[in-house]
Amino acid sequence: MNIVNKKMTLPNGVEISIETGKLAKQADGSVVLRMGDTMLLATVVANIDVKDDVDFLPLTIDYKEKFAAVGRFPGGFLKRESRPSDEEILTMRIVDRAMRPLFPDDFHAETQIMIQLISSDGVNQPDALACLAASAAVAVSEIPFNGPVSEVRIIKKGGVFHVNPTFDEMKGAELDMIIAGSMDSINMVEGEMNEVSEADMIEAIKTAHTVIKQQIQLQLDIAAEVAKANPKREYSHESHDEDLKKRINEFAYQKCYDVAKQGLADKAKRAELFGNIKSELIAFLGEEEVAEKKYLISQYYKSTQKAAVRRMMLDNKSRLDGRKLDEIRPIWAEIDYLPGGVHGSSIFTRGETQSLTTLTLGSKLDVQRKDNALLTDDQDFVLHYNFPPFSTGEARPIRGVSRREVGHGNLALRALKPMIPAKPENPYTIRLVSEILESNGSSSMATVCAGTLALLDGGVKMKKPVSGIAMGLISDPETKEFVVLSDILGDEDHLGDMDFKVTGTRDGITACQMDIKIDGLDYALLAQALEQARVGRLHILDKIEEVIATPREDYKPNVPRIESVIVPNEAIGAIIGKGGETIQNLQKETQTTISIEENEDGSGTVEVFSNNKEGMDEAMRQIRLIAFPPVAEVGATYNAKVKNLVAFGAFCEILPGTDALLHVSEIAWERVEKPEDYLKVGQEIEVKVIGKDPKNGKMKISRKVLIPKPESAN
């Protein structure tokens, strides 16, 4: 295949080019995307053969930011890229959510899309280009795809929307969203905001879609040139028995409809009744047919159950668990649940979803240090989300943190982060950990609510409480009927057409995440979903504020205290000392943790962290003495420390950082032959400043003038 290169220009005048036919030609499809000097290599490979009894697409998205792209060595002993960072995982999830729904339903070949950052100019953000590169790789391949699809990042800053902003342009943005879609529809939204309105969010989506369409046309143009060389492959990944499908539908549809119509709130009971119908179906079909067509029977029963439940909800405008469309499940919450060493705790339970969340407050030394190819940063607010198998009544091995756990934790963090005050109002590094103890939908939103409660319980001075809600959609494209669901169940998420999570305060949205499984986003429908979400969000905030409405007046007794002081630049070295000796000795002596951070203006912020008030006070006293040393005055008396003995006297520290020579003639009234007969190193003695050497400015001190003069000395 010849090299093909197509270009487009963004609204801000920046050019994007896509090239194929030059690199990675053994992949089914490969492209190099370039924006400025940032370049991504995207490849896709799909197997020809399919494993038996697979009724889904085994799709893997991998995204890697190569350290060589920015001229850096990876950290660690091995000096090579290792496991994906959280930021890379989040990019993989965004691409997956945008692309997965657009592969044909009956295409089940194992498919791997790999996106690599191979060059970075440090200006343009590659994560906003990853989906465009991945989709373009599929577009130029022979792999069937109902795309193309693309995504952009959009921010709002100073009242103006900017598409695909640079790293520098991101600073101060009040809205940051990544939006993906096809030529006629938006199918994925992810973002964080600083209490923006629903109208602003819809306007951002519309603005982004204009550029998405241009990027899709770019893919269509390049795909058209390579189509003859790479025609889409023919495949047959499903074999069906239409007679069996019809018999199963006739047997089970109404039974499933009737179970769904009962409105049972108990998930286990519903599962039992649907399971009973399947058992009856198996008995009805007979052992021989079941043994021969077990896989198809299971598949057809699931589709029948799904169709019946969806139809019931559209017909009756009611839910699987009996709720109204906009009704929130029963909520109960509790704070201060854990009595031990935790600094704040909460339980938030909504229906059959429950989060136990803990708060830990730490010092500057506890920040999460990010050392990725493009991101080197210290994060003083982290949130970890854990989803153990028992939360859904399952037993399965735990193999590290899943991509889903990283994604859900990040969404909750973005929801709460705008409401965490900066220093000095919040001097702590914050860690929230959400343990999902029960799950039946919306566990990430339960984490947001439990996180708010734990922060308030711990005394963190949140600007405003935050709550979250997950919205769903059931629609029929033929009849144009639809219902929007508030606070969806796990089953409603699985069988529905939309999963739309919205978080915020009473005054606006702080984060959102949306996945849509149907073509053609109706903005009127989106507006209805957002308004329904706003009402539900306020209802949940009412429940939170019934438990605790404002932060505790003070932190709990077991919370270490933090004090800080700004010191001049020249004092930083003195506080640290040679080889860190001064600061290490001070920490050991006062049983404190001390950190120093240089500020933009060259000054330093010294932070003292301790459980012991006396130790903290002493550490702060000594730090202030070093940073702001008092000036010795002639005629003043000081409690000095003997630092060194010499033949002609003793060197004494009269103030921190200020030494003076106690001459042998000023040690005592009588003649002193050996200073060591009168003084010892480390001894504290009282001395008086009796003068100042005009040549070198050194203080002259005396011990004897403070001792009564003996008569023999007259």
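These legends go with an overview and several close-up views of a predicted model.

**Figure 1. The whole chain, before we zoom in.** Since this is a predicted model, local features need pLDDT of at least 70 and side-chain atom pairs count only at pLDDT 80 or more, while totals for chains, interfaces and linings use all residues. Residue numbers start from 1 along each chain as its sequence is written, and side-chain values use heavy atoms, with hydrogens and water left out. The chain has 13 helices and 29 strands; these are DSSP runs numbered from the N terminus, with helices being H or I of at least four residues and strands being E of at least two. Its C-alpha trace spans about 130 × 60 × 50 Å along the principal axes. The radius of gyration is 34 Å, against near 27 Å for a compact globule of 714 residues (taken over C-alpha atoms; the globule rule is 2.2 Å times the number of residues to the power 0.38). Of the 714 residues, 51% are buried, where buried means under 20% relative accessible area, exposed means over 50%, and partly exposed is in between (1.4 Å probe, protein chains only). Take the contacts between residues at least 6 apart in sequence, and 69% of them join residues at least 24 apart; a contact here means heavy atoms within 4.5 Å.

**Figure 2. Surface and charge across the chain.** About 33,400 Å² is exposed, and carbon and sulfur atoms supply 49% of that (Shrake-Rupley method with a 1.4 Å probe; for residues, only the protein chains shown count as cover). The chain carries 87 positive and 110 negative charges, and their mean positions are 3 Å apart. For this tally, Lys and Arg are positive, Asp and Glu are negative, and His and the chain ends are not counted. Each charge is placed at NZ of Lys, CZ of Arg, CG of Asp or CD of Glu.

**Figure 3. Q219 and the loop with a cis proline.** Q219 sits in helix α3 (residues 198–226) and is buried, at 0% relative accessible area. Its side chain reaches the backbone oxygen of V149 at 3.0 Å. That is a polar contact: a pair of N or O atoms within 3.5 Å where, within protein, one must be able to donate a hydrogen and the other to accept it, and residues adjacent in sequence count only if both atoms are side-chain atoms. Setting aside neighbours within four places in sequence, Q219 also has P148 among its contacts, along with L132, S135, A136, A139, V149 and S150. P148 belongs to the loop between α2 (130–139) and β7 (150–157), and the peptide bond leading into P148 from G147 is cis, with omega near 0°. Most peptide bonds are trans.

**Figure 4. P421 and P424 in one loop.** P421 is in the loop between α7 and β17, and P424 is found in the loop between α7 (403–416) and β17 (429–438). K423 and P424 are joined by a cis peptide bond, omega about 5°. P421 is buried, with 6% relative accessible area. Its C-alpha is 6.6 Å from that of K463, 42 residues away along the chain. Not counting residues up to four places away, P421 touches N426, K461, M462 and K463.

**Figure 5. S120, tucked in just after β6.** S120 is in the loop between β6 (111–119) and α2, and it counts as buried at 14% relative accessible area. The S120 side chain reaches the backbone nitrogen of G122 at 3.1 Å. Beyond four places in sequence, S120 touches D37, T38, A69, V70 and L374.

**Figure 6. I48, an exposed loop residue.** I48 lies in the loop between β4 (38–46) and β5 (59–65) and is exposed at 59% relative accessibility. The C-alpha atoms of I48 and A109 are separated by 6.5 Å, though the two are 61 residues apart along the chain. With neighbours within four places left aside, I48 is in contact with R233 and H237.

**Figure 7. K317 and D336, two residues with positive phi.** Most residues other than glycine have a negative phi. K317, though, has phi near 55°, and D336 has a positive phi of about 55°. K317 is in the loop between α6 (287–316) and β11 (331–335), and D336 is in the loop between β11 and β12 (344–350). K317 is partly exposed at 42% relative accessible area, and D336 is partly exposed at 39%.
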